[in-house]
Amino acid sequence: MKIENPTPIKWQFARRAEQLQSSVIREILKITMRPDIISFAGGLPSPETFPVEHMKAAFDTVLSRQGKVALQYGPSDGYAPLREWIADSLSIPGVTITPDQVLMVSGSQQALDLLGKVLIEDHSKVLVETPSYLGALQAFSVYHPEFVSIPTDDFGLLPEEVAKIADGARLLYALPNFQNPTGRTMSVERRLALVETCARLGLPLIEDDPYGALSYRGEPLPKMLTMNPSGVIYLGSFSKVLTPGIRLGYVVGPVPLIRKLEQAKQAADLHTSQLTQMVVYEAIKDGFLAQHIPSIRTLYANQCQVMLDALTEFFPAGVTWNKPEGGMFIWVTLPEHIDGMQLLEEAIAQNVAFVPGAPFYANEPQKNTLRLSFVTVPPEKIREGVSKLAKLIAAKM
Ligand code: PMP
């Protein structure tokens with residue numbers, strides 16, 4: 001029944017697809033999957049933190065008690081009890097978030113795509129941090145924005161710069177907590193100044209916050225969402241506090257936007273897996289995260305300290321890095337003449353990998369930067385990897 005000699009198709013891709021490229025990180029990850037490589041490249045959470053038995057029990061409970069509902073199609077905005085749980089968890093005294101402000105998505109990455117789809121037109125101005133999350137730049141790029149980079153320092157973006165470049169902008173995309181890629185945290189004062197500026201300009205502010213719960217010391221800083229729920233769009237995710245394989249995230253924002261995103265979500269994939277949402281709700285409804293998250297924080301804080309100590313011990317003078325207060329990344333700045341991409345080639349030959357910083361810049365890349373993730377590498381391997389990198393860098397000084 002198979003047709004013989006079909007005419008070979010000359011694929012003509014849509015203009016928006018021409019824009020698509022494989023993420024540099026995913027390409028590097030393919031190389032670094034080799035077991036002999038010490039990889040600081042992944043943005044993957046540590047599998048040690050995955051609560052396998054707890055999830056297994058939750059799957060079992062949902063399937064035995066509500067199997068027929070869990071295996072059916074579900075509503076596009078998501079599983080109501082989980083949306084309520086999220087709304088409650090984000091509400092604080094004086095600021096109530098309601099379930100109709102919550103849309104469940106298949107990972108917060110999907111939220112970035114949907115936001116691009118409903119807010120960005122060709123040449124729309126989109127303000128991003130310098131540098132910013134590569135996955136967001138990729139997701140937005142499909143809709144042909146004009147990225148405008150907001151100046152930053154070691155404490156994140158500079159709110160006072162925003163008004164100077166915001167004329168005609170469609171949105172501002174910010175990562176206030178333990179930013180990917182730099183690990184930086186925005187102070188409360190800066191958050192407030194940014195929210196005030198955006199509110200004054202009528203500029204939608206996207207707060208992408210997958211790492212917010214992973215602070216090493218003290219409670220997380222206030223969310224920008226709670227400073228202006230009518231102008232901030234908050235992206236949350238279960239990837240870093242539970243597991244990324246379940247692909248579950250959420251968008252919280254003003255109702256008219258959420259309804260528009262819901263329509264885009266419907267067109268994309270009808271709804272997020274009902275089974276997944278019910279299982280996650282079952283897994284977290286009795287306070288599991290409050291006991292689980294501290295163990296992730298402790299593990300990551302210790303791994304981070306091992307890497308910071310190794311950097312201090314081995315890296316030559318002239319190289320600088322930040323000290324993250326949470327999350328999964330350290331950002332390294334090399335002397336200006338050293339190119340991170342070139343260094344990566346040499347590092348891979350020595351069985352060490354990291355992500356060069358350049359792809360995280362929407363406009364002019366600062367090529368002498370690297371992102372190091374410390375969460376999936378055991379302490380003795382962190383020291384070995386940093387020492388090998390240090391030798392390669394020292395040879396270029
Ligand atoms: N935003 C940021 C800043 C991220 O680092 C990631 C994951 N690496 C995502 C969004 C996407 O996360 P997910 O789709 O797993 O929720």
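Which strands does helix 4 lie across, and at about what angle does it run to strand 2? Hold that thought while I set the scene, everyone. What you have in front of you is a predicted model, so please take what follows in that spirit.

Let me begin with the overall layout. The protein is divided into two domains. Domain 1 is made of residues 20-49 together with 290-395, and domain 2 runs over 66-286. Taken over C-alpha atoms, their centres are separated by 25 Å. Where they meet, 27 residues of domain 1 are in contact with 30 residues of domain 2. On the domain 1 side, helix 12, residues 288-314, and strand 12, residues 329-333, each supply at least two of the touching residues. Helix 12 gives the most, with six residues. By class, that side of domain 1 has 17 nonpolar residues, seven polar and three charged.

A word on the annotation. An unreviewed UniProt entry has "domain: Aminotransferase class I/classII large" covering residues 49-389. In the model, the end C-alpha atoms of that span lie 27 Å apart, and the span is 44% helix and 16% strand.

Now, the sheets. One of them is an open sheet of seven strands, and if you walk across it you meet them in the order 2-10-9-8-7-3-4, with mixed pairing. Its edges are strand 2, residues 102-105, and strand 4, residues 146-150, each pairing on one side only. On average, neighbouring strands here are turned by 20° against each other, direction ignored.

Zoom in on strand 9, residues 232-237, and strand 10, residues 249-252. They pair in the antiparallel sense over four bridges. Tyr234, for instance, has Val252 in strand 10 as its bridge partner.

And that brings us back to my opening question. Helix 4, residues 80-90, lies across strand 2, strand 9 and strand 10, and it runs at about 120° to strand 2. Helix 5, residues 108-119, also packs on the sheet, touching strand 2, strand 7, strand 8, strand 9 and strand 10. The direction of helix 5 makes about 150° with that of strand 9.

Next, the ligand. Which residues come nearest to it? Of the 14 residues around the ligand, those are Gly107, Ser108, Gln109, Ser237 and Ser239. The shell as a whole divides into four nonpolar residues, nine polar and one charged.

Over to the other open sheet I want to show you. This one has four strands in the order 11-12-15-14, with antiparallel pairing. Strand 11, residues 320-321, and strand 14, residues 355-356, stand at the edges with a single partner strand each, so one side of each has no neighbour in the sheet. Strand 12 and strand 15, residues 369-373, pair in the antiparallel sense over five bridges, and Thr333 stands opposite Thr369 in strand 15.

Last, some backbone details for those of you who enjoy them. A cis peptide bond joins Thr130 and Pro131, with omega about -5°, and Pro131 sits in the loop between strand 3 and helix 6. Another cis peptide bond joins Asn180 and Pro181, where omega is about 20°. Pro181 is in the loop between strand 7 and helix 8. Finally, Asn5 has a positive phi of about 45° although it is not a glycine, and you will find Asn5 in the segment before helix 1.

Thanks for listening, and I'm happy to take questions.

Note on methods:
Residues are numbered from 1 along each chain as its sequence is written. This is a predicted model: local features need pLDDT of at least 70, side-chain atom pairs count only at pLDDT 80 or more; totals for chains, interfaces and linings use all residues. Domain bounds come from an automatic or database domain assignment. Two residues are in contact if their C-beta atoms, placed from the backbone, lie within 7 Å. Ala, Val, Leu, Ile, Met, Phe, Trp, Tyr, Cys and Pro count as nonpolar, Asp, Glu, Lys and Arg as charged, and the others, Gly among them, as polar. UniProt positions are given in the numbering used here, feature names are shortened, and annotations may be inferred rather than shown by experiment. A residue is near a molecule or strand if its C-beta atom, placed from the backbone, lies within 6 Å of it. Two strands pair if DSSP finds at least two bridges between them. Axes are lines fitted to C-alpha atoms, for helices over the stretch in contact, and angles run from 0 to 180 degrees between N-to-C directions.
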